[in-house]
Amino acid sequence: MGKTDGFLLYTRELPQARDPKERINDSNEIYTSFPEEKTRQQASRCMDCGVPFCHSGCPLGNQIPDFNDAVYEGEWERAAQILYSTNNFPEFTGRICPAPCESSCVLSINKPAVAIEHIEKSIAEKSFELGLVKPQPPLRRTGKKVAVVGSGPAGLAAAAQLNQAGHEVHVYDKDDKAGGLLRYGIPDFKLEKWVIDRRLDILKEEGIHFHLGVSIGKDITLKKLHRKYDAVLMAIGSSKPRVLDIPGNHLMGIHFAMDYLTLHNRRVAGESIAPEEDLLATDKHVLVIGGGDTGSDCVGTANRQFARSISQLQYRNMPSTARAPHNPWPEWPMTYTSSSSHEEGCERSWGWLTKEFIADENGHVKGLKVVELEWKNSYEYTEKPESEKILPCDLALIAIGYERPLLESFKASYQFETDNRGNFKLQNWQTSVPGIFAAGDAYRGQSLVVWAISDGREAARAIDTYLMGKSDLPSKEVSKLVLEG
């Protein structure tokens with residue numbers, strides 16, 4: 001490393017967020033600009049560890065110490081070459097990844113971790129600024145055609161890799177715009193949609209074909225698609241929401257979180273929404289049930305719609321601010337975290353069990369009956385006596401996760417083998433139907449965008465090998481062998 005004592009001289013520093021009272025009046029990204037010199041200073045905190053655990057912490061296997069060194073030296077082109085060798089879309093992950101690499105950073109054992117996510121975003125944006133990111137169509141075509149079903153992060157990553165291998169790639173999506181979860185599931189204050197469109201323009205110029213507003217299984221059968229192409233990749237996500245199975249869950253005013261987020265994202269994009277389909281939190285008592293990222297996104301969205309009150313419920317106890325003995329470094333820390341959405345206004349309640357939704361005289365939700373829990377251990381609890389109460393609720397948003405991919409529309413074509421959770425069962429990324437592959441949440445279950453990109457890249461290599469007998473596309477396993485060699 002150029003600066004061997006950077007981690008001793010500087011502490012962690014990140015871009016400042018705009019004032020919460022200001023930023024809830026718009027849907028723009030919340031962070032202000034950050035001087036380049038400070039970013040280089042942050043990169044100098046990397047210790048260039050003998051065993052860089054950040055490599056294994058990152059699902060993509062990003063070569064983090066190497067691009068940190070390049071940034072510290074001001075060699076942005078070298079930093080870009082290193083980063084893009086393992087990550088197709090650092091402009092996405094640099095904004096929305098929870099950064100498991102930082103949790104496994106060796107410096108984080110007793111100091112704040114290196115600001116890897118910020119550095120990654122900085123490299124991505126500097127690459128565009130310097131004109132380093134340009135369409136690069138493949139020099140030759142193989143004559144093979146591949147269909148990718150789904151244009152989320154897994155589908156786009158696979159499409160980009162397969163196109164570079166020379167195959168003719170066609171991406172199908174049921175929505176009118178590409179991006180999947182990136183576009184419709186993540187609010188603009190975390191990922192403005194021009195970032196997606198900028199990347200899509202490049203993918204199109206590189207020769208990838210997009211067929212939007214086409215629902216496979218409805219507009220065209222999967223069997224017909226399979227016959228038309230040499231291989232098919234199912235990157236359809238895990239979109240069957242988990243139901244909160246308590247009395248009253250049928251009442252008006254109770255909605256799944258993703259339905260709520262999608263409508264708001266469409267509204268921000270200027271799309272027209274039928275009045276009977278619209279869903280707003282304005283002047284309502286909002287209850288968000290579920291404590292993950294999706295729940296946090298609902299909180300931030302409800303703040304921008306000026307809800308009367310926002311409460312977020314979780315049935316687990318409030319976690320500690322420090323790692324527990326059974327959760328050591330470099331594991332993902334199961335500790336208390338607070339998001340930018342919580343800073344904008346939200347009452348967070350821990351250790352409460354939902355019992356029943358209460359209706360008004362018109363069949364609309366007006367309250368939620370809850371009871372406080374006393375946990376004996378991580379899986380056993382009892383209800384505290386006389387702790388039951390009713391919380392006011394005009395709008396309930398269910399954010400407790402997803403069960404599995406929606407495969408019902410494909411059953412007329414194929415009966416796929418699935419695992420015990422209902423996800424695609426794979427062997428070398430191939431489903432039980434020869435020539436049909438899967439990647440991302442459709443096989444992994446609900447997970448991170450960075451895992452979806454990783455899966456898309458790995459599945460692309462498996463498809464390329466299936467079509468050509470071998471593949472020169474990169475993979476994490478190949479990279480590991482090169483490094484070890």
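**Strand pairing, a loop glycine and an enclosed space**

In S4, Met234 is the residue that Val149 has as its bridge partner. That pairing is a handy way into this predicted model, since it belongs to a bigger pattern around strand S1. S1 covers residues 145-149, while S4 takes in residues 231-234. The two strands run parallel, and four bridges hold the pairing together on paper.

S1 has another partner too. Strand S2, made up of residues 168-173, also lies parallel to S1, this time with five bridges joining the two. One residue to look for here is Val148, whose bridge partner in S2 is Val171. Getting from S1 to S2 takes the chain through helix H10, residues 153-164, and the resulting β-α-β crossover is right-handed. And how many of S1's five residues are buried? The count is four, so S1 is mostly covered.

Next comes a single residue, Gly61. Gly61 sits in a loop, with helix H4 (53-57) on one side and helix H5 (64-72) on the other. Is Gly61 buried or exposed? Its relative accessibility is 14%, and because anything under 20% is classed as buried, Gly61 goes into the buried group. Leaving out residues up to four places away in sequence, Gly61 touches His55, Thr86 and Lys476. Gly61 also shows how sequence and space can tell separate stories: Ser454 is 393 residues away along the chain, yet the C-alpha to C-alpha distance between Gly61 and Ser454 is 8.7 Å.

Finally, there are the enclosed spaces. The structure has four cavities of 30 Å³ or more, and the largest cavity holds about 90 Å³ of space. Which elements give two or more residues to the lining of this largest cavity? They are helix H8 (100-103) and helix H9 (116-129). H9 supplies the largest share, with three residues. In total, 14 residues line the largest cavity. Nearest its centre are Cys58, Asn62, Cys97, Cys101 and Glu120. Sorted by class, the lining of the largest cavity comes out as nine nonpolar residues, three polar ones and two charged ones.

Methods:
Residues are numbered from 1 along each chain as its sequence is written. This is a predicted model: local features need pLDDT of at least 70, side-chain atom pairs count only at pLDDT 80 or more; totals for chains, interfaces and linings use all residues. Side-chain values use heavy atoms; hydrogens and water are left out. On a 1 Å grid over the protein atoms alone, a cavity is a set of points where a 1.4 Å probe fits but cannot get out, and a pocket is an open set with protein on both sides within 12 Å along at least five of seven lines; lining residues have an atom within 4 Å of a point. Grid points are joined across faces, edges and corners, and a volume is the space filled by probe spheres set on the points. Ala, Val, Leu, Ile, Met, Phe, Trp, Tyr, Cys and Pro count as nonpolar, Asp, Glu, Lys and Arg as charged, and the others, Gly among them, as polar. Buried means under 20% relative accessible area, exposed over 50%, partly exposed in between (1.4 Å probe, protein chains only). Two strands pair if DSSP finds at least two bridges between them. A crossover is right-handed if, with the strands pointing away from the viewer, the path from the first strand over the helix to the second runs clockwise. Contact means heavy atoms within 4.5 Å.
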